[in-house]
Amino acid sequence: MVKNERQTGKFQPVGGVYKLKSNEKTELKNLFHVMDDNKVPIDESSRNDYRLRMENRYLRKFVKRFDRKADRENISNLSREFKEELIQKGILDWNQIQYRVCGRHMTELSFGQHFQIYELLLADIVELILTERQQNDLERLMQQENPNYYFATEEEIVSLGIDTNRQKLNESIADHSIKILEETEGKLMNISNRGKVYTVNL
C-alpha cells in the first residue's frame with residue numbers, strides 16, 4: 001500500500017482516478033452539464049480526473065456511457081498510476097506489469113460524510129500477477145522500512161490499521177482499501193473484461 005497523496009496520512013492501494021482524454025470533458029458538459037468536483041483542489045495531479053459533479057437526473061445515463069463511449073483511461077492500461085506511485089518514487093524499477101481484472105466495486109448513491117455531498121463511487125479492481133523476480137523484489141522491500149509504502153495484512157486492512165492490543169488507535173489505512181481483499185472479489189460487479197489478463201509496459 002502507498003501513502004495517500006492528499007495528505008491524509010493513510011495508506012491505500014496503488015491506483016486512483018481515471019483520467020479524461022481529448023474532448024471528453026466537453027462531451028460530458030454538453031450531455032450532462034457536468035462540473036468539476038471542487039471538493040478536491042484542481043492541480044497538476046488532479047487535472048482531468050474523472051471526478052465530476054452533476055444533477056441526479058443524469059446519473060444513470062452517465063454511468064452507462066462510462067463503459068460504452070467514454071474517452072478516458074481504460075482498465076486495459078493502468079500503467080500511469082503504477083508509474084507515478086511506485087516507479088517514479090524509486091520504490092520499484094520494473095518495466096512491465098501483468099494483472100488480472102477482478103471486477104468492479106460500485107457504491108449506492110449515498111451522502112458522503114467526508115465531503116458532505118451525495119456520491120456514487122466506482123472502483124475497478126485488479127490483481128497483480130508477479131514474476132519470480134518481482135516477487136523477490138517485494139520480499140526485499142518488506143524487510144525495509146519506508147514512510148511511502150506499507151505491507152498490510154488482511155486483518156490490518158479490515159481494522160483500518162487500528163491495533164487495540166498495542167493501543168495503536170489511529171486509523172492508518174484508508175477505509176476503501178477493503179475492496180482489494182480476496183474475500184470481497186465474489187461481491188464485485190461483473191464487467192465485460194472480468195478475468196482478462198493485461199500486460200503493460202511502464
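Buried means under 20% relative accessible area, exposed means over 50%, and partly exposed is what lies in between. Keep that scale at hand for the exercises below, which all use a predicted model.

**Exercise 1. Sort the salt-bridge partners D163 and R166 into buried, partly exposed or exposed.**

Solution. Start with D163: its relative accessible area is 22%, so D163 is partly exposed. For R166 the value is 58%, so this residue is exposed. Now look at the contact itself: the closest N and O atoms of R166 and D163 are 2.9 Å apart.

**Exercise 2. Do the same for the bridge between E55 and R57.**

Solution. The side chains of E55 and R57 come together at 2.6 Å, N to O. E55 has a relative accessible area of 44%, so E55 is partly exposed. R57 reaches 60%, so R57 counts as exposed.

**Exercise 3. Find out which residues of helix α4 are buried, and which strands they pack against.**

Solution. Helix α4 runs through residues 132-142, and its buried residues are Q134, D137, L138 and L141. Around the axis they cover an arc of only 95°, so they sit on the same side of α4. Next, find the partners: the buried residues of α4 pack against β5 (96-106) and β8 (122-129).

One of these buried residues deserves a further step. D137 has 10% relative accessibility, so D137 counts as buried. D137 also forms a salt bridge with R140, with 2.3 Å between the closest N and O atoms. Both residues belong to helix α4 and are three residues apart, about one turn of the helix. R140, at 48% relative accessible area, is partly exposed.

**Exercise 4. Classify the ring pair F32 and F62, and place it along the chain.**

Solution. The model has ten aromatic pairs in total. For F32 and F62, the ring centres are 5.9 Å apart and the planes stand at 80°, so the pair is edge-to-face. The cut-off behind this step is that planes over 60 degrees apart count as edge-to-face. Along the chain, F32 is in helix α1 (residues 24-32) and F62 in helix α2 (residues 59-68); with their positions 30 residues apart, the pair links distant parts of the chain.

Then check the burial of each ring's residue. F32 has 5% relative accessibility, so F32 counts as buried. F62 has 12%, so F62 counts as buried too. To widen the view, F32 and F62 belong to one aromatic cluster that also includes Y18, Y50, Y58 and F66.

**Exercise 5. Repeat the analysis for F111 and Y118, then look at the surface around them.**

Solution. The ring centres of F111 and Y118 are 5.3 Å apart and the planes stand at 70°, so this pair is edge-to-face. F111 has a relative accessible area of 35%, so F111 is partly exposed. Y118 lies in strand β7 (residues 117-119). At 60% relative accessible area, Y118 is exposed. Together with L109, these residues form a nonpolar surface patch with about 320 Å² of accessible area.

**Exercise 6. State how many salt bridges the model has, and which residues are linked in a network.**

Solution. The count comes to 18 salt bridges. For the network, trace the links among D67, R72, R104 and D124: these residues are joined by salt bridges.

Terms used:
Residues numbered from 1 in each chain as written. Heavy atoms only, no water. Buried < 20%, exposed > 50% of the residue type's maximum accessible area, 1.4 Å probe, protein only. Helix = DSSP H or I, 4+ residues; strand = E, 2+ residues; numbered from the N terminus. Arc of directions from axis to C-beta. Contact = heavy atoms within 4.5 Å. Patch = residues over 30% accessible without salt bridge, like charges linked within 9 Å, V, L, I, M, F, W, Y side chains within 5 Å. Areas by Shrake-Rupley, 256 points an atom, 1.4 Å probe, with all protein chains shown as cover. Salt bridge = Lys/Arg side-chain N within 4 Å of Asp/Glu carboxyl O. Phe/Tyr/Trp six-rings, centres within 6.5 Å; stacked < 30°, edge-to-face > 60°.
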